[in-house]
Amino acid sequence: VQLQASGGGLVQAGGSLRLSCAASGSLFSIYRMGWYRQAPGKQRELVADITSAGNTNYADSMKGRFTISRDNVKRTINLQMNDLKPGDTAVYYCNAARFGVNFWGQGTLFTVSS
């Protein structure tokens, strides 16, 4: 699986942004898909993920602000982010996982200005 993320940039605090990830390769629908982020000097952390059945999971700080979705026909996942905070500034990575095997996209950076 190859993953290509897009949608980064500069956003003001309180604003919204949508990240997208396009996957190539077959069997997209069987992977758990997710978004992770890594801020400068910090470890990579889970933002949200979504199973092949559409069940979602969010990190506590993203609940109510972020929404993850997937389209198995188009082989894409999206992350709608609202009420952005400066602490959301990071490189965001798209992830595909199955049976402990992980695939990563190249990462997309966005900065939230105060």
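What share of the contacts in the protein with a separation of 6 or more comes from residues 24 or more positions apart? The figure is 52%. Keep in mind, as we walk through the rest, that this is a predicted model.

## Overall build

Let us start with the secondary structure. The protein has eleven strands and zero helices, so written from the N terminus on, because each element is a strand, the order reads β-β-β-β-β-β-β-β-β-β-β. With a radius of gyration of 13 Å, close to the 13 Å that the globule rule gives for 114 residues, the protein is as compact as a globular protein of that length. Taken along the principal axes, the C-alpha atoms fill a box of roughly 40 × 25 × 20 Å.

A word on burial and surface comes next. Of the 114 residues in the protein, 40% are buried. The accessible surface comes to about 6000 Å², and carbon and sulfur atoms hold 49% of that area.

## The disulfide

The structure holds one disulfide, formed by Cys21 and Cys94 with their sulfur atoms 2.1 Å apart. The torsion about this S-S bond is about -85°, so the disulfide is left-handed. Cys21 lies in strand 3 (residues 17–24) and Cys94 in strand 9 (residues 90–98), so the pair links distant parts of the chain, 73 residues apart. Both cysteines, Cys21 and Cys94, are buried. In general terms, a disulfide is a covalent bond between the sulfur atoms of two cysteines.

## Salt bridges

Side chains of opposite charge can pair when their charged atoms come close. In this model the count comes to six salt bridges, and the table gives three of them, including the N to O distance of each.

| Basic residue | Acidic residue | N to O distance |
|---|---|---|
| Arg32 | Asp49 | 3.4 Å |
| Arg37 | Glu45 | 2.7 Å |
| Lys85 | Asp83 | 3.4 Å |

The bridge between Asp49 and Arg32 links distant parts of the chain: Asp49 sits in strand 5 (residues 45–50) and Arg32 in strand 4 (residues 32–38), 17 residues apart. Asp49 is buried, with a relative accessible area of 8%, whereas Arg32 is partly exposed at 37%.

For Lys85 and Asp83, joined by a salt bridge, both partners have some exposure to solvent probes by the accessibility values: Lys85 is partly exposed at 38%, and Asp83 is partly exposed at 39%.

## A closer look at Arg37

Where does Arg37 sit, and is Arg37 buried or exposed? Arg37 is found in strand 4, and Arg37 is buried, with a relative accessible area of 8%. The salt-bridge partner Glu45 counts as partly exposed, at 36% relative accessibility.

Two polar contacts tie the side chain of Arg37 to acidic side chains. One, of 2.7 Å, reaches Glu45, and another, of 2.8 Å, reaches Asp88. Salt bridges that share partners join Arg37, Glu45, Arg65 and Asp88 into one network.

Which residues surround Arg37, leaving aside its neighbours within four places in sequence? Arg37 is in contact with Gln43, Arg44, Glu45, Val47, Ser61, Met62, Phe66, Gly87, Asp88, Ala90, Val91 and Tyr92. Glu45 and Asp88 thus appear among these contacts as well as in the salt-bridge network.

Key:
Residues numbered from 1 in each chain as written. Predicted model: local features only at pLDDT ≥ 70, side-chain atom pairs only at ≥ 80, totals over all residues. Heavy atoms only, no water. Salt bridge = Lys/Arg side-chain N within 4 Å of Asp/Glu carboxyl O. Helix = DSSP H or I, 4+ residues; strand = E, 2+ residues; numbered from the N terminus. Buried < 20%, exposed > 50% of the residue type's maximum accessible area, 1.4 Å probe, protein only. Polar contact = N/O pair within 3.5 Å; in protein donor to acceptor, adjacent residues only side chain to side chain. Contact = heavy atoms within 4.5 Å. Disulfide = S-S within 2.5 Å. Rg over C-alpha atoms; globule rule 2.2 N^0.38 Å. Areas by Shrake-Rupley, 256 points an atom, 1.4 Å probe, with all protein chains shown as cover.
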